[in-house]
Protein chains: 2
Amino acid sequence: MTSSQSLRHQLAQELRSLIRSGKLAPGDKLPSEPELAHERAVSRSSMRAAITMLEEEGFVSRRHGSGTYVTHRPALPNDLSRNFGVSSLIASTGLEPGTAEETCELVLAPPFVAEALEVPEGAEVTSLRRVRTADGRRFVDTTDWCRADHLSPEKLSGMGDGSVYAALAARGLVVHHGVATITPGNADAETALRLGVARGALLLTIDQVDMTAEGVPVLVSREHHLADAFSFTVVRHGPGVGPEVDR
Amino acid sequence: MTSSQSLRHQLAQELRSLIRSGKLAPGDKLPSEPELAHERAVSRSSMRAAITMLEEEGFVSRRHGSGTYVTHRPALPNDLSRNFGVSSLIASTGLEPGTAEETCELVLAPPFVAEALEVPEGAEVTSLRRVRTADGRRFVDTTDWCRADHLSPEKLSGMGDGSVYAALAARGLVVHHGVATITPGNADAETALRLGVARGALLLTIDQVDMTAEGVPVLVSREHHLADAFSFTVVRHGPGVGPEVDR
DNA sequence: ACGCTCCAGGTTGTCGGACAACTAGCGCGG
DNA sequence: CCGCGCTAGTTGTCCGACAACCTGGAGCGT
């Protein structure tokens, strides 16, 4: 089960790898669609569908009658709209990930968590709080909440630097997308203590609600990042091409 | 010239409008592809291509053998990956936009600007600095830099609350995408003065480089947002569907 | 020698039809 | 009542064809 996705997803994946690995450099012209399709023994339709996905993501740009070209796009250190989870965040930097101060318990859902998870106020939810480290240095304080009937504290605890997404997926809850809200802030007494910094230290807080494709919210998380630990980047699509003009 | 885009882009645009207007609510099942295609007198191929774009953007989710469904996606106040420019940011909140402290001049490019715009260090570039207001309250201090041969200070000055993107597009420089970096920070003396807040006030800084589809960088901007003015959101695509698994 | 037009090849865009793979719900039989 | 299989409906993939468009060069006239 190397990949149970549909064909065009696999093809898109391969093209993305080619671009990221540098085999297809920015500005390069891709082989023609029939050629790409023939090389891989797939139909042009599937190849076109894959390229359409890449185009929508901004990796390539098509020019009618001319060809398809790789977009100039810098290597993003931390693409907010793509990367998921602190684990992959650390992994992408090459640092050694670790975990400290892990607590997993049943707690009363804070109001904003209850609302996001669509459970009654005051209901008990599973909470996982961790301090994540890179090369031993503490740099982010995370708290995850999910419904107790989705994932019990026993199932969730002791996962170390594993991803909560994997634990959820094992229960059939595949996260499809999430909405993150980004705000700057200063460390309160507790967070400062956990991160080992002075109170009032500069933080970047990311609040996120993750849901399945059906729109069922399954995970709420709040991450306090040290300001100088990472810088986050986002690719923004221009007004001309993207879904704008209206509203 | 309502839209000179390719057919599938128009179709995708129409579907997006249907979803945003609420005619297609989250969870709804779309009509089948042949049906949608027949209604609009287009081929199923084009309709499929349009839906593929929507799928990649996360608006809909396809299920083989079942149908295509509208994703449960909340209305985003400020979608970082879509919205462009402070103007549209204010407009989306319903507040009255305004501009103060506008300065437009030729300056020596700061190192990071020179590098991003690919001009020699020490070259002169056009700089536009503005304090943007909403309902009269100052809330963001922006500086834009672009190549002097792309847009002269005369062309750029006196645009009030207009968008720099429009001015660039009028010169044939259509911004295709941009890369934004987000960092928290504290206001230095000058920024604090311009924004009318105490020195050290909490800020969210967005550094951005905008480029054309050919990868030519045309605009560099730095925006200092007051922390309590806006909260920014990003839609993140899940690990299961998105381009992950490798790296 | 220079510039212009025209043309031919290559590439993407759209079309139509066909079949495979899969889902979900219904009805039948146990 | 439960479970099984069947069937209609839907998405996934394939094939072939033609239109629209871009690019570069050949050929012509000046």
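This report walks through a predicted model of protein chains with DNA, from one chain's overall build to single residues.

## Chain A in outline

Chain A contains eight helices and nine strands. It has 247 residues, and 55% of them are buried. Now take the contacts in chain A with a separation of 6 or more. Of these, 60% join residues 24 or more positions apart.

## Three strands in a row

Strand 7 of chain A covers residues 202-211. Nine of its 10 residues are buried, so this strand is mostly covered. Which strands pair with strand 7 of chain A? One is strand 6, residues 177-186, which runs antiparallel to strand 7 and is joined to it by 10 bridges. Another is strand 8, residues 217-226, which pairs with strand 7 in the antiparallel sense over nine bridges.

Leu203(A) shows both pairings. Its bridge partner on one side is Gly185(A). Leu203(A) is also the bridge partner of Leu226(A) in strand 8 of chain A.

Strands 7 and 8 of chain A form a hairpin, with five residues between them. In the turn, Gly215(A) has a positive phi of about 90°. As a general point, side chains in a regular strand alternate between the two faces of the sheet.

## The nonpolar cores

The largest nonpolar core has 44 residues. The residues with the most contacts inside this core come from chain A and chain B. From chain A they are Leu80(A), Phe139(A) and Ile182(A). From chain B they are Leu80(B), Phe139(B), Ile182(B) and Phe232(B).

Ile182(B) is a good place to look. Leave aside its neighbours within four places in sequence. Ile182(B) then contacts Leu80(A), Ile182(A), Leu204(A), Ser231(A), Phe232(A) and Val234(A) in chain A. In chain B, Ile182(B) contacts Leu80(B), Leu204(B) and Thr205(B).

There is also a second, separate core of 18 residues. Its members include Leu15(A), Leu24(A), Val42(A) and Met47(A).

## Three buried residues

Is His225(B) buried or exposed? His225(B) has a relative accessible area of 2%, under the 20% cut-off, so it counts as buried. This histidine lies in strand 8 of chain B, residues 217-226. Not counting residues up to four places away in sequence, His225(B) touches eight residues: Leu89(B), Phe139(B), Val140(B), Leu202(B), Leu203(B), Leu204(B), Ile206(B) and Phe232(B). The side chain of His225(B) also makes a polar contact of 2.8 Å with the side chain of Glu223(B).

Ser221(B) is found in strand 8 of chain B too. Its relative accessible area is 4%, so Ser221(B) is buried. Ser221(B) and Trp145(B) are 76 residues apart along the chain, yet their C-alpha atoms are separated by 6.1 Å. With the same sequence neighbours left out, Ser221(B) touches Thr143(B), Asp144(B), Trp145(B), Ile206(B), Asp207(B) and Gln208(B).

Now go to chain A. Arg194(A) sits in helix 8, residues 189-195. At 11% relative accessibility, Arg194(A) is buried because the cut-off is under 20%. Its side chain joins that of Asp141(A) in a polar contact of 3.1 Å. Beyond residues up to four places away in sequence, Arg194(A) touches Glu101(A), Arg129(A), Arg130(A), Val131(A), Arg138(A) and Asp141(A).

## Around DNA strand C

How many residues surround DNA strand C? There are 23. The closest are Arg48(A), Gly65(A), Leu7(B), Ser46(B) and His64(B). By class, the surface near the strand has two nonpolar, 13 polar and eight charged residues.

Several elements each supply at least two residues of this surface. From chain A come helix 3 (44-57), strand 1 (60-63) and strand 2 (67-70). From chain B come helix 1 (7-21) and helix 3 (44-57). Helix 3 of chain B gives the largest share, three residues.

Which part of the DNA lies within 4 Å of the protein? Of those DNA atoms, 62% belong to sugar or phosphate, and the rest to bases. The table lists polar side-chain distances to DNA strand C.

| Residue | DNA atom | Distance |
|---|---|---|
| Arg48(A) | phosphate oxygen | 2.9 Å |
| Thr68(A) | phosphate oxygen | 3.2 Å |
| Arg44(B) | base nitrogen | 3.3 Å |

Arg48(A) thus appears both among the closest residues and in a phosphate contact.

Notes:
Residues are numbered from 1 along each chain as its sequence is written. Chains are lettered from A and ligands numbered from 1 in the order in which they are written. This is a predicted model: local features need pLDDT of at least 70, side-chain atom pairs count only at pLDDT 80 or more; totals for chains, interfaces and linings use all residues. Side-chain values use heavy atoms; hydrogens and water are left out. A residue is near a molecule or strand if one of its heavy atoms lies within 4 Å of it. A polar contact is a pair of N or O atoms within 3.5 Å; within protein, one must be able to donate a hydrogen and the other to accept it, and residues adjacent in sequence count only if both atoms are side-chain atoms. Helices (H or I, at least four residues) and strands (E, at least two) are DSSP runs, numbered from the N terminus. Ala, Val, Leu, Ile, Met, Phe, Trp, Tyr, Cys and Pro count as nonpolar, Asp, Glu, Lys and Arg as charged, and the others, Gly among them, as polar. A nonpolar core is a set of buried Ala, Val, Leu, Ile, Met, Phe, Trp, Tyr and Cys residues joined through side-chain atoms within 4.5 Å. Buried means under 20% relative accessible area, exposed over 50%, partly exposed in between (1.4 Å probe, protein chains only). Contact means heavy atoms within 4.5 Å. Two strands pair if DSSP finds at least two bridges between them.
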